[in-house]
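Thanks for sharing this one with me. Here are my notes, written as numbered points so that you can follow them with the model open beside you.

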Amino acid sequence: MIKIPIDLAATIYLIISVCILFMWFILEKKRRYIEIKKEDTLWSCPLCFYEYIDSKSKDISRCPRCKTLHKKEEK
Ligand SMILES: [Zn+2]
């Protein structure tokens, strides 16, 4: 068996733990960014200039303030 000093083993263990945590953090951040970009779309009403997030609609959305339907291109 290979003998490893306890301080070296502790250091390796710490480095591995930090690496896993760091990777998890990056993946979580990336995942959240994709989710926000995919689902939440920021809409701005051309009539009342009200800005809101509509995750259901893609092309046509109803403004929650003045209740008018408008396309995404209309800004
Ligand atoms: Zn509106």
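1. Let me start with the overall burial. This is a predicted model, and buried residues come to 5% of the 75 residues in the protein chain.

2. Next, the layout. The protein chain has one helix and four strands. Reading from the N terminus, the order of the elements is α-β-β-β-β.

3. On contacts across the sequence: among the contacts in the protein chain with a separation of 6 or more, 14% join residues that are 24 or more positions apart.

4. Trp-43 is a good place to rest your eye. This residue belongs to strand E1. Is Trp-43 buried or exposed? Its C-beta has 21 other C-beta atoms within 10 Å, and the cut-off for a buried residue is 20 or more, so Trp-43 counts as buried.

5. Which residues does Trp-43 touch, once those up to four places away in sequence are set aside? They are Glu-51, Tyr-52, Asp-54 and Ser-61. Take the pair with Ser-61: the two residues are 18 apart in sequence, while their C-alpha atoms are 7.9 Å apart in space.

6. Now look at Ser-44, also placed in strand E1. Ser-44 is partly exposed, because 15 other C-beta atoms lie within 10 Å, a count that falls between the limits of 12 or fewer for exposed and 20 or more for buried. From Ser-44 to Lys-71 there are 27 residues in sequence, and the C-alpha to C-alpha distance is 9.9 Å.

7. Moving on to the loops, please check Phe-49, which sits between strand E1 (42-44) and strand E2 (51-53). Its phi is near 60°, and that is a positive value in a residue other than glycine. Phe-49 is exposed, since its count is 11 other C-beta atoms within 10 Å.

8. Lys-67 deserves a similar look. Where is Lys-67 found? The answer is the loop between E3 and E4. Phi of Lys-67 is near 60°, again a positive value in a residue that is not glycine. With 10 C-beta neighbours inside 10 Å, this lysine is classed as exposed.

9. Pro-64 is placed in the loop that runs between strand E3 (60-62) and strand E4 (69-71). How many C-beta neighbours does Pro-64 have inside 10 Å? There are 11, and therefore Pro-64 counts as exposed. Between Pro-64 and Ile-53 the sequence separation is 11 residues, and the C-alpha to C-alpha distance is 10.0 Å.

10. To pull the threads together: on strand E1, Trp-43 is buried and Ser-44 is partly exposed. In the loops, Phe-49 is exposed, as are Lys-67 and Pro-64. When you go back to the model, the positive phi values of Phe-49 and Lys-67 are the details I would ask you to view again.

Technical notes: Residues numbered from 1 in each chain as written. Predicted model: local features only at pLDDT ≥ 70, side-chain atom pairs only at ≥ 80, totals over all residues. Helix = DSSP H or I, 4+ residues; strand = E, 2+ residues; numbered from the N terminus. Contact = placed C-beta atoms within 7 Å.
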